[in-house]
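Welcome! Please take a moment with the sequence and the structure before reading on.

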Amino acid sequence: MTSTPEHHTGPIARQTPVRSTYRLQLRPDALTFADARTIAEYLQQLGISHLYLSPVFTAARGSTHGYDITDPTTVSAALGGPGGFKALSDEVRSRGMGLIVDLVPNHVGVADPRQNPWWWDVLQNGKESKYAHYFDIDWSPANGAGGRLALPVLANENDPAALSVDRSGLEPMLALHDMRFPISPGTDGENALRIHDKQHYRLVNWKSGLCGYRRYFTVGGLAALRQEDPAVFEATHRELTAWCEHDLIDGVRVDHPDGLSHPADYLARLRKIIGPQRLLLVEKVLARSEPLDAGLPIDGTTGYDALSDIGSVLIDPDGEKILTDLSRQFTGHGSDRAWFSENEHRIKRAVAETMLVPEVRRLVAAIKRDARADAFDTMALTNATIEVLSYMPVARTDYAPLAGTIGPVVAEVTRRNSELTAPLQVLATALAIGGEAATRFHQVGGAITAKAVEDTMFYRAARLISLQEMGSDPTRFGSSVIEFHLANAERAARWPATMTTLSTHDTKRGEDTRARISMLSQVPDIWARSVGAWNEIAPGPDGATTLFLLQNIYGIWPADGRPAAAVPKFRERVHQFAEKAVREAGTQSSWEEPDTEFEKAVHRWIDTVIDGPIGVELGEFVNDLATHAWTDALAQKLLQLCGPGIPDIYQGCELWEDSLVDPDNRRPVDFTHRSLLLQSLTGTPDLDATGAVKMWIVAYALWLRRERPECFVGGTYAPLFASGDHAKHLVSYARGRNGETPEVIVAVTRHSIRLDEAGGWGDTVLDLPQGHWTDRLTGHTFSGRSRLEKLFARLPVALLVR
């Protein structure tokens, strides 16, 4: 691993090199520790070295993702408990494999206080609770709740009338519909409202702008933890420490470190627990041109940067103008750099002034305290603070490479708004101190960025929606092969053990859905004409929604010839996605104020598309371009699997997948089918709808990583370029051991539709390094100057081994 050796409290982990990971979304109803044990043999046969588990701690009952942890000191009994966890570790260890665990330090689930003992105790005992300092709570008299803990759980102002006392258990509880809250000792009585008025908490309307605790973004059911407190860190990492001491795990993935008060300090403490040999990865979404802090004691990110680089090189920049014009026609804007530049500041301001009011209020109060400016005008200071946050180019700037970022932003805000000079001076004074205000400034900035960009703008832009992905820059319409190679070379040199990914539980669309949509950049004229014709047949509810949803529907439309209406749950999935999409966009409907009439119109239109002539034409369109979509999907998969870093395969993605955003991407996976298919593969599969060819490529790439690990993590990376009329349609690189000649060559087809239109590869050749090279995917052997039409005669990708 690349991590800097740090102090270590337990025994050094057994050497189980992480060559590849397979992400499992554990859930009590579909994939427990015992279920994971039963598929370990299949994953071993596939070539996986490590299982990468979603959170394993006790979570809210029925949770299908595990991030709403209610007790971070216990392993989930619903998943199999500590015994089941150890049995899984023993199982994979016996197969020469290992485990990577997903750690969630930033927050715990509090939606049902009864399930979270820490939170229940705080509600019952207030500031006197021994857990009160675990949470970031505003107990100040000016908090809007009279110094009590504001809980935003009321649906409307009449809800308090529904309060009652539940005396069915060992102790009385306040009851509001199906919710229960504790009653402090000595405050019980006959009248529920009067009892409520005596509690340490106050139930408030969720639209009131009051929330007495720091949340995860805007999710009231997730309360942030204060990991900067040694007692909190010790309690929440006790189990992890034991896993390391007993050598049950090989690495950790840290969920949302940007939400912590001091991420770098936290990661340093975490590295001391897990030791220098275990993998340490952070879920870090890097902004455009934002470097990953090389001073952090980590091995890298969870791979969104690689996802962006791989996807971008396969997008055809020649399609930009037509698709930009199409976006302008349907949405009123081009969904381009100009639109993002003009609107990002405005939407960030709107998020800060609506969704994140409680967090901004606490930030401004901290600024006034730290700057000793208690008498300063709160409204002016709030306006200036939001203005600076809205122009920040990154989520937070307290990582070493970003030093000096805030100054130019403040200068620009001052230039634009000279009347803000005085409040900006107060802000600067507070930030310079580096206390509570600076900490909250960074935490709020990250939340504003995520909610404004990924969860709003990515649902409003509609030029080419595959660009609107975690870690991606929608304003950059494709990248050159040279840019791709330079990014890969830097990753190989600086972050050889970083994770790379194409799909996660957080991606807006799965990898093959995204690949198919990206392919529209090669046929923008056909797509534009089709969309125009379809909108004449069945006009959508509004232009932006129509263009956005049509791309998603096209992205998951069945390619096996079946009508979409005949595919189980297809219609249900599209409807569910559409409702989430229009509410996230927030232009016609929203989570806060759903426009039911608009949403009904959307649902009627979707049924019209699926069941009518548009559906027939969509099916024909998908079928006509299916081979090219699969070509792109295989290209990006092979580029990832053999590129610099440790490739992660999201569950089920060894076959074609058609996921949309969560919860669609957390659907249970049929591992029995996959296991049987893997065992049945005896020769190079065809490029068809079964997805067997993808599994073939995944397996051979993973087997090669197992056979020659020195060529990959820590190995060399060298770009290879073709020569000839169509050289730009090749992406190729060589991998090898340090100081030795290359042993592996990856070659994939790029922009295959344009290539076909040009008549194929023609005289294009690739000069292979010295030696004889066998394509592990087809068995064909090549040497010297090789014609690409022969190299790709069987498949549009090649995996050559010396």
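This report looks at a pair of helices, a residue in one of them, and a pocket.

The model is predicted: local features need pLDDT of at least 70, side-chain atom pairs count only at pLDDT 80 or more, and totals for chains, interfaces and linings use all residues. Residues are numbered from 1 along each chain as its sequence is written, and side-chain values use heavy atoms, leaving out hydrogens and water.

Let's start with the helices, which are DSSP runs of H or I with at least four residues, numbered from the N terminus. The axes of α14 (residues 421-433) and α15 (residues 436-460) come within 6 Å and cross at roughly 100°. They are therefore roughly perpendicular, a term for angles of 65 to 115 degrees. Here are the residues in contact (heavy atoms within 4.5 Å):

| Helix | Residues in the contact |
|---|---|
| α14 | L427, A430, L431 |
| α15 | A437, A438, F441 |

By class, this contact has 6 nonpolar, no polar and no charged residues.

Helix α15 also holds R440. With a relative accessible area of 10%, R440 is buried, meaning under 20%. Leaving aside residues up to four places away in sequence, R440 touches D136, R214, R362, L363 and A366.

Now for the second largest pocket, with about 1300 Å³ of space. Its lining has 42 residues, and the closest to the centre are R573, W656, E657, D658 and R667. Helices that each supply at least two lining residues include α20 (570-585) and α22 (613-642). The lining divides into 17 nonpolar, 10 polar and 15 charged residues.

Definitions and conventions. Axes are lines fitted to C-alpha atoms, for helices over the stretch in contact, and angles run from 0 to 180 degrees between N-to-C directions. Angles under 35 degrees count as roughly parallel, over 145 as roughly antiparallel, 65 to 115 as roughly perpendicular and the rest as oblique. Ala, Val, Leu, Ile, Met, Phe, Trp, Tyr, Cys and Pro count as nonpolar, Asp, Glu, Lys and Arg as charged, and the others, Gly among them, as polar. Buried means under 20% relative accessible area, exposed over 50%, partly exposed in between (1.4 Å probe, protein chains only). On a 1 Å grid over the protein atoms alone, a cavity is a set of points where a 1.4 Å probe fits but cannot get out, and a pocket is an open set with protein on both sides within 12 Å along at least five of seven lines; lining residues have an atom within 4 Å of a point. Grid points are joined across faces, edges and corners, and a volume is the space filled by probe spheres set on the points.
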